[in-house]
Amino acid sequence: MTPSLDSKLPRVGTTIFSVMSQLAVEHDAVNLGQGFPDFEPPAALTEALSRAMADGHNQYPPGIGLAALREQIAIKTEALYGRPTDPAAEVTVTSGATEAIFAAIAAVVRAHDEVIVLDPAYDCYQPAIELQNARAVRVPLQRPGFTVDWQRVADAITARTRLIIINSPHNPTGAVFGPDDLTALAEVLRGTGVWVLSDEVYEHMVFDGAAHQSVGRVPELAARSFIVSSFGKTFHCTGWKVGYCIAPPALTVEFRKVHQYLTFATFAPAQWAFATILCDEPHHYRDLSGFYQAKRDGFRRLLADTPLQLLDVPGGYFQLVDYSAVRDMDDVAFSQWLVRVAGVATVPLSPFYDDPPATRLVRLCFAKNEATLTEGARRLTTLAGD
């Protein structure tokens with residue numbers, strides 16, 4: 001008798017990012033959908049990677065991460081956010097931010113717990129919650145700016161609430177927290193036993209003179225938070241899959257228990273390379289907001305002659321556009337139509353929601369070289385309204 005198989009994630013299929021990238025290949029489309037750069041990492045980084053391999057750093061590194069890299073992460077964190085960080089007890093290197101997010105959730109969330117998730121949300125959060133036999137409680141962000149209604153968050157907290165997941169700069173909307181958001185979050189959580197998972201992978205892409213509001217800036221939040229970031233986003237090498245998690249010692253102990261049996265260790269030569277470039281070229285991440293702001297502004301100028309309405313982009317490397325003037329169809333159907341008709345791949349917004357509202361929004365990635373952005377915009381200018 002063949003055993004029956006009941007899926008632990010019955011609602012999960014192929015991610016929308018993979019679907020749209022595959023359609024881009026099939027239709028020879030300009031891929032402005034999936035969020036990866038199509039330009040190279042800094043030369044100093046790839047050279048450091050080659051040196052690390054040539055120098056024999058090709059075996060298992062320490063499971064929690066190379067000491068030299070954890071030291072540089074701690075130095076960077078204190079310099080930027082004023083959070084004194086112990087590299088031995090509070091920093092763990094992971095195989096990408098997705099692994100760190102999963103490990104953090106698995107470390108503290110138990111069966112029948114509740115986890116507050118701001119809606120829309122990056123797609124890896126809810127499956128990780130459901131695999132713990134817990135429940136995601138979605139609190140919708142408010143239009144037009146996708147801001148947080150902190151009273152609704154407070155109202156969503158129950159005796160079962162174990163964790164809240166926040167994300168700034170936000171994927172997919174580009175919204176960013178201000179200082180008042182951290183103050184409100186601290187007030188909402190004060191006196192509760194709720195932990196925080198702060199997804200900060202776009203921390204170095206905050207525009208127009210604003211500063212990234214890491215929870216590490218607020219001691220009472222830092223004391224209850226996992227802070228997750230990504231070298232792939234910062235150094236244009238998403239395929240290397242190296243991230244990290246900063247958390248207070250007690251949380252880090254539990255986090256590392258999961259991490260050691262999830263991936264154990266992360267690509268050693270890349271860790272040596274990142275330790276080198278963080279030490280030698282800190283200007284790269286310090287200048288990154290200006291780099292991406294120029295891309296944002298240039299891309300918006302290129303899209304000015306299209307019938308698409310551009311939403312504000314305070315952070316991240318995605319541009320949301322309203323296509324209401326082009327077609328009266330849902331966002332998934334529009335994205336598929338756009339690939340076929342205009343040869344441009346986008347990502348619809350609705351898959352980021354648990355219960356999608358009526359929306360006419362798709363996401364475009366501007367972490368691309370100038371030729372890609374120019375050609376994508378040229379194709380979009382051919383669109384005609386209904």
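## The largest pocket and helix α10

In this predicted model, the largest pocket holds about 1,300 Å³ of space. Its lining is made up of 47 residues, and T15, F17, Y122, D123 and C124 are those that lie nearest the centre of the pocket. The elements that contribute two or more residues to this lining are α1 (16-26), α4, α5 (125-130) and α9 (231-234), and the largest share, five residues, is supplied by α5. By residue class, the lining of the largest pocket divides as follows.

| Class of lining residue | Number of residues |
|---|---|
| Nonpolar | 23 residues |
| Polar | 15 residues |
| Charged | nine residues |

Helix α10 can be described in its own right. Spanning residues 249-262, α10 has 14 residues and reaches 20 Å from its first C-alpha to its last, which is close to the 20 Å expected at 1.5 Å a residue. Within α10, the residues L251, T252, F255, R256 and H259 are buried, and the elements that cover them include β2 (91-94), α4 (97-108), β6 (195-199), β7 (225-230) and β8 (243-246). An α-helix has 3.6 residues a turn, so residues three or four places apart point the same way.

Among the buried residues of α10 is T252, which counts as buried because its relative accessibility is 3%, where the cut-off for burial is under 20%. Leaving aside residues up to four places away in sequence, T252 touches A89, E90, T92 and A247. Just after α10, F264 adopts a positive phi of about 65 degrees.

Note on methods. Residues numbered from 1 in each chain as written. Predicted model: local features only at pLDDT ≥ 70, side-chain atom pairs only at ≥ 80, totals over all residues. Heavy atoms only, no water. Helix = DSSP H or I, 4+ residues; strand = E, 2+ residues; numbered from the N terminus. Expected span 1.5 Å × (residues − 1). Buried < 20%, exposed > 50% of the residue type's maximum accessible area, 1.4 Å probe, protein only. Contact = heavy atoms within 4.5 Å. 1 Å grid on protein atoms, 1.4 Å probe; cavity = no way out; pocket = protein on both sides within 12 Å on 5 of 7 lines; lining within 4 Å. Points joined across faces, edges and corners; volume = space filled by probe spheres on them. Nonpolar A, V, L, I, M, F, W, Y, C, P; charged D, E, K, R; others polar.
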